[in-house]
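User: I'm new to this, so could you pick a single part of this model, look at it closely, and then show me how the rest fits around it?

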Amino acid sequence: NLSETMPKPELSLLMPGIRPERWKDVFESIHEGTKKSFELIIVSPYPLPEELTKYKNIKHVTDWGNPVRASAIGSMLFEADIIYPTLSDDAIVIKDSLDNSISELLEMGDGIKNTVLCKYSEDAGGKSTNYQPDDYYKIVNAYPANPKFVPADWIIFNSNLWYREYFDYLGGWDTIFQTCPFSHADLAIRAQRDGIKTKISNFPIAQLDHMPGMTGDHAPIHIGHTTRDEPLFAQKYNQPLDNFPIVIDKYKWKESDNIWDLRFK
């Protein structure tokens, strides 16, 4: 169910989604965040709301798999040279934030091995302006990675602008993980092993809603995060990094289940 073709956009955004009632607000907020032409790629088990079907810059793909698989499938459709592949469907993009952060990315100089991490806030209702401090984004602070092997200044890439060419070169997210946070951190480690240049943006990008633990529709994410992905990540990153490849097969998602058992079985 892809939309009609359109001229190559200047920015591609990817959003795995399960909350179609929120997609219109997210889409409209992107228009506030950038004056550039953009495409929004939505991967979801649920259909595109009728009110969004008229927009040629929305691509919709149906998939019932886990969030990392959905993200990997969506990443096959990027057309722009600059991508923001981690948009959440409970996010409201802040005015001019995308354009400001893209300017920061361009100011980092030539080459595709550059990325900008964009801060965000999370709270029930999605209205907070208390954006996460820099230390929040340090991998060893956020996840069970052994600081003996993962440098203390390496950051998670859970809200980043990338050059599509380099993102594709790395192979994107590893679908051995089912929930996004650990797949983002894994990709961040691989990229930083490869020497990517990083910057934390001066411009917060979005305000997010927050449903902790087992509340709302968050239970499958919480279970997958804590019982499946966290032990796997801890095992992997409690040993030398050169035991693992930097570049992976971007079609690895085809090995994952078509239906995510934690939410749909």
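Analyst: Let's begin with what a helix is here: a DSSP run of H or I that is at least four residues long, numbered from the N terminus. Keep in mind that this is a predicted model.

Our part is helix α3, which covers residues 97–107. Right after α3 comes G109, whose phi is positive, near 110°. What about the other side? The loop between β5 (91–93) and α3 holds D96. D96 also has a positive phi, about 65°, even though it isn't a glycine. That's worth a second look, since most residues other than glycine have a negative phi. As for cover, D96 has 24% relative accessibility, so D96 counts as partly exposed.

Now the helix itself. Which residues of α3 are buried? They are S97, L98, D99, S101, I102, E104 and L105. When you look at that list, it helps to know that an α-helix has 3.6 residues a turn, so residues three or four places apart point the same way.

Let's zoom out a bit. The protein has 8 helices and 10 strands, and 51% of its 265 residues are buried. Its C-alpha atoms fill a box of roughly 50 × 45 × 35 Å along the principal axes. A compact globule with 265 residues would have a radius of gyration near 18 Å, and the 17 Å of this protein agrees with that. If you take the contacts with a separation of 6 or more, 78% of them are between residues 24 or more positions apart. On the outside, about 11800 Å² is exposed, and carbon and sulfur atoms supply 50% of that area. The 28 positive and 38 negative charges have mean positions 2 Å apart.

For one residue with contacts like these, try A70, in helix α2 (residues 67–75). A70 has 6% relative accessibility, so A70 counts as buried. Leaving out residues up to four places away in sequence, A70 touches P16, V43 and D63. P16 is 54 residues away along the chain, yet its C-alpha atom is 6.0 Å from that of A70.

Next, the rings. There are 19 aromatic pairs in the structure. In one of them, the rings of F27 and Y55 have centres 4.7 Å apart and planes at 55°, so the pair is tilted. F27 sits in helix α1 (residues 23–33) and Y55 in the loop between β2 (38–44) and β3 (58–62), so this pair ties together parts that are 28 residues apart in sequence. F27 is buried at 1% relative accessible area, whereas Y55, at 28%, counts as partly exposed.

Another pair, Y120 and Y137, is edge-to-face, with 5.9 Å centre to centre and 80° between the planes. Here too, distant parts of the chain are linked: Y120 is in strand β7 (residues 120–122), and Y137, 17 residues apart from it, is in the loop between β7 and α4 (139–142). Y120 is buried with a relative accessible area of 7%, and Y137 is buried with 0%. Finally, look for a cluster linked by ring pairs: F78, F157, W162, Y166, F167, Y169 and W173.

Technical notes: Residues numbered from 1 in each chain as written. Predicted model: local features only at pLDDT ≥ 70, side-chain atom pairs only at ≥ 80, totals over all residues. Heavy atoms only, no water. Buried < 20%, exposed > 50% of the residue type's maximum accessible area, 1.4 Å probe, protein only. Helix = DSSP H or I, 4+ residues; strand = E, 2+ residues; numbered from the N terminus. Rg over C-alpha atoms; globule rule 2.2 N^0.38 Å. Contact = heavy atoms within 4.5 Å. Areas by Shrake-Rupley, 256 points an atom, 1.4 Å probe, with all protein chains shown as cover. Lys, Arg positive; Asp, Glu negative; His and termini not counted. Charge placed at Lys NZ, Arg CZ, Asp CG, Glu CD. Phe/Tyr/Trp six-rings, centres within 6.5 Å; stacked < 30°, edge-to-face > 60°.
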